[in-house]
Amino acid sequence: MDHRFSWTLVVVAALTASCGTGSSTGQGKGHTYRDLKGYFQEELNNINTHKPALQKTIVLNGQRDSLTITTPDSTQLQHLLAPFLEVDLNKPSLQGAYDTILLADQFTGTHSLMYKARNMATVPQEVIMNIDNQQHITNVQMNKHVSNLVYEYQQNLVYQHNKHIRIVTWQKIAFLPARELDVKVLLRHP
């Protein structure tokens with residue numbers, strides 16, 4: 001009787017050890033987040049192909065200016081989407097840096113996916129994506145914040161697929177007045 005118990009114990013220990021090895025190699029691969037850099041590169045290519053007119057409104061420290069760019073070139077579009085293209089959550093340095101929260105709407109099939117930084121030094125601190133029932137991203141919001149004794153910087157980015165872009169940047173350098181830049185761009189498709 002003792003012999004069977006020891007044999008069962010050895011088998012259970014071997015199975016437990018093999019299961020443990022499998023899970024540790026799975027963790028070694030790291031967690032991948034939604035490919036935002038790829039998404040915005042694809043959006044840039046799409047906008048560059050269709051060339052919608054851009055209705056741009058800029059507010060710098062309360063002074064407003066508007067202009068319409070009827071045929072934007074690729075450099076203007078690249079510059080416009082640059083703050084979004086900088087964000088790559090799948091960099092090795094950001095592995096495991098975010099908590100992921102998923103809020104699903106059971107009726108429509110849409111959901112919101114939020115990445116919240118575990119450490120305030122991680123930039124961006126927050127990314128929120130709205131995803132339709134076809135798994136396409138419809139809206140992206142990002143919040144960045146950097147602060148030290150000399151400098152404070154906040155940037156809020158909003159991108160709505162095929163409709164508009166908004167970038168609000170606020171910065172304060174010690175002994176100088178704060179500056180706020182609010183850029184709104186509407187994409188006008190023919």
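Start by selecting the hairpin of S7 and S8: three residues lie between the strands, and Asn-162 takes a positive phi near 65°. Keep in mind as you click around that this is a predicted model. Now colour the two strands themselves, S7 (151-160) and S8 (164-173). They pair in the antiparallel sense over ten bridges, and one pair to pick out is Tyr-153 with its bridge partner in S8, Gln-171.

Stay on Gln-171 and look across to S9, where Arg-179 stands opposite. S8 and S9 are also antiparallel, with eight bridges, and they form a hairpin with five residues between them. In that turn, select Phe-175, which has a positive phi of about 70°.

Next, follow S9 (residues 179-188) to S1 (residues 53-60): eight bridges join these antiparallel strands. A handy pair to label here is Val-59 and its partner in S9, Asp-182.

Time to zoom out and show the whole sheet. It is open, has nine strands and antiparallel pairing, and reads S2-S1-S9-S8-S7-S6-S5-S4-S3. Which strands stand at the edges? They are S2 (63-69) and S3 (98-104); each has a single partner strand, so one side of each is left without a neighbour in the sheet. Neighbouring strands are turned by 10° against each other on average, ignoring direction.

Now bring in the helices. H2 (residues 36-50) lies across S5, S6, S7 and S9, and runs at about 120° to S6. H3 (residues 74-85) lies across S1, S2, S6, S7, S8 and S9, at about 65° to S8.

With sheet and helices on screen, select the largest nonpolar core. It has 34 residues, and those touching the most other members are Leu-36, Phe-40, Phe-84, Met-129, Val-140 and Met-142. At least two core residues come from each of H2, H3, S4, S5, S6, S7, S8 and S9. For a closer view, centre on Met-142: leaving out residues up to four places away in sequence, its contacts include Leu-36, Phe-40, Phe-84, Val-127 and Leu-157, along with Glu-126, Gln-155 and Asn-156.

Gln-155 also leads to the last stop, since it is among the residues lining the largest pocket. Show the rest of the lining too: Lys-56, His-79, Leu-80, Ala-82, Pro-83, Ile-167, Thr-169, Leu-181 and Val-183. How much space lies in this pocket? About 170 Å³. H3, S8 and S9 each give two or more residues to the lining, and the largest share, four residues, comes from H3.

Definitions and conventions
Residues are numbered from 1 along each chain as its sequence is written. This is a predicted model: local features need pLDDT of at least 70, side-chain atom pairs count only at pLDDT 80 or more; totals for chains, interfaces and linings use all residues. Side-chain values use heavy atoms; hydrogens and water are left out. Two strands pair if DSSP finds at least two bridges between them. Axes are lines fitted to C-alpha atoms, for helices over the stretch in contact, and angles run from 0 to 180 degrees between N-to-C directions. Contact means heavy atoms within 4.5 Å. A nonpolar core is a set of buried Ala, Val, Leu, Ile, Met, Phe, Trp, Tyr and Cys residues joined through side-chain atoms within 4.5 Å. Buried means under 20% relative accessible area, exposed over 50%, partly exposed in between (1.4 Å probe, protein chains only). On a 1 Å grid over the protein atoms alone, a cavity is a set of points where a 1.4 Å probe fits but cannot get out, and a pocket is an open set with protein on both sides within 12 Å along at least five of seven lines; lining residues have an atom within 4 Å of a point. Grid points are joined across faces, edges and corners, and a volume is the space filled by probe spheres set on the points.
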